[in-house]
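Trainee: Could you walk me through this one before I head back to the bench? I'd like to go at it by asking things.

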Amino acid sequence: MGQMVWKSSFAIGIEEIDRQHQLLLTYFNKNMENNSAAVGLFGKLKAYAGEHFAGEEKLMRKINYPGLEGHQLQHRLFEEQMEHLEETVKNNESQAIIALVSFMRDWFLDHILVADANYASYMRATMAEDDIAMLVAFGCD
Ligand SMILES: [Fe+2]
């Protein structure tokens, strides 16, 4: 089945966020081993993604990130698309798995490498390295 390989170029340079993104990928791969496993993917993936998105959005709010609104919109679209993909996989529609894997691949390339990398650059431009680490780890400012 469609496995995705973590590449160092996926890293946005903020350790905790990179760890979460990597975990997301590992979890996805684990559940893509066969068709029926993919059906079980959605519950936990949606819950985990929801938590991860909420954390990112909280972070962006704290640093007054100007791109927050657009970024949030992308997260909501991900959630909507997951609902749709879940339906197609559950209904065993042809191409459902291919569509799911290609969606996740695009998500890593378009969202993580562009939108997430953008807020990371903004943080680095406006904050000291140790402040970033403290904020991400403990949510303090
Ligand atoms: Fe994001």
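Mentor: Fire away, and we'll take the model piece by piece. Residues are numbered from 1 along each chain as its sequence is written. This is a predicted model, so to speak of local features we need pLDDT of at least 70, side-chain atom pairs count only at pLDDT 80 or more, and totals for chains, interfaces and linings use all residues.

Trainee: In which helix is confidence lowest, and in which is it highest?

Mentor: The score here is pLDDT, the predictor's confidence in each residue, from 0 to 100. The protein averages 89, and 95% of the residues score at least 70. Helices are DSSP runs (H or I, at least four residues), numbered from the N terminus. Confidence is lowest, at a mean of 75, in H2 (residues 35-39), and highest, at 95, in H4.

Trainee: How do H1 and H3 run relative to each other, roughly parallel or roughly antiparallel?

Mentor: Axes are lines fitted to C-alpha atoms, for helices over the stretch in contact, and angles run from 0 to 180 degrees between N-to-C directions. H1 (residues 15-30) and H3 (residues 41-62) pack at about 170 degrees, with axes 11 Å apart. Angles under 35 degrees count as roughly parallel, over 145 as roughly antiparallel, 65 to 115 as roughly perpendicular and the rest as oblique. That makes the H1 and H3 pair roughly antiparallel.

Trainee: Which residues of H3 meet H1?

Mentor: Contact means that the C-beta atoms of two residues, placed from the backbone, lie within 7 Å. On the H1 side you have Gln20, Leu24, Tyr27 and Phe28, and their partners in H3 are Leu45, Tyr48, Ala49 and His52.

Trainee: How many charged residues are there in the contact of H3 with H4?

Mentor: The axes of H3 and H4 come within 10 Å and cross at roughly 175 degrees, which makes H3 roughly antiparallel to H4. Phe42, Lys46, Ala49, Phe53, Glu57, Met60 and Arg61 in H3 meet Leu68, His71, Gln72, His75, Phe78, Met82 and Glu86 in H4. For the classes, Ala, Val, Leu, Ile, Met, Phe, Trp, Tyr, Cys and Pro count as nonpolar, Asp, Glu, Lys and Arg as charged, and the others, Gly among them, as polar. The tally is seven nonpolar, three polar and, for charged, four.

Trainee: And how many charged residues does the contact of H4 with H5 have?

Mentor: H4 (residues 68-90) and H5 (residues 96-126) have axes that come within 11 Å and cross at roughly 170 degrees, so H4 is roughly antiparallel to H5. Among the contact residues are Phe78 and Leu85 of H4, and Phe103 and Trp107 of H5. By class, the contact has 11 nonpolar and five polar residues, and the charged count is no residues.

Trainee: Which helices each supply at least two residues of the largest nonpolar core?

Mentor: A nonpolar core is a set of buried Ala, Val, Leu, Ile, Met, Phe, Trp, Tyr and Cys residues joined through C-beta atoms within 7 Å. A residue is buried if 20 or more other C-beta atoms lie within 10 Å of its own, exposed if 12 or fewer, and partly exposed in between. The largest core has eight residues: Phe28, Ala38, Met82, Leu85, Val89, Leu100, Met104 and Trp107. The helices that each supply at least two are H4 and H5.

Trainee: Is glutamine 74 exposed or partly exposed?

Mentor: Glutamine 74 is found in H4. Not counting residues up to four places away in sequence, it touches His111 and Ala115; His111 is 37 residues away in sequence and 7.7 Å away in space, C-alpha to C-alpha. Because glutamine 74 has 16 C-beta neighbours inside 10 Å, it counts as partly exposed.

Trainee: How far apart in space are glutamate 16 and alanine 133?

Mentor: Glutamate 16 sits in H1 and is partly exposed, with 14 other C-beta atoms within 10 Å. Leaving out residues up to four places away in sequence, glutamate 16 touches Val136 and Ala137. Glutamate 16 and alanine 133 are 117 residues apart in sequence, and their C-alpha to C-alpha distance is 8.3 Å.

Trainee: What is the phi of glutamine 95, roughly?

Mentor: Glutamine 95 lies in the loop between H4 and H5, and it is exposed, with 9 other C-beta atoms within 10 Å. Asparagine 92 is in the loop between H4 and H5 and has a positive phi of about 55 degrees although it is not a glycine. Glutamine 95 is not a glycine either, and its phi is positive, at about 75 degrees.
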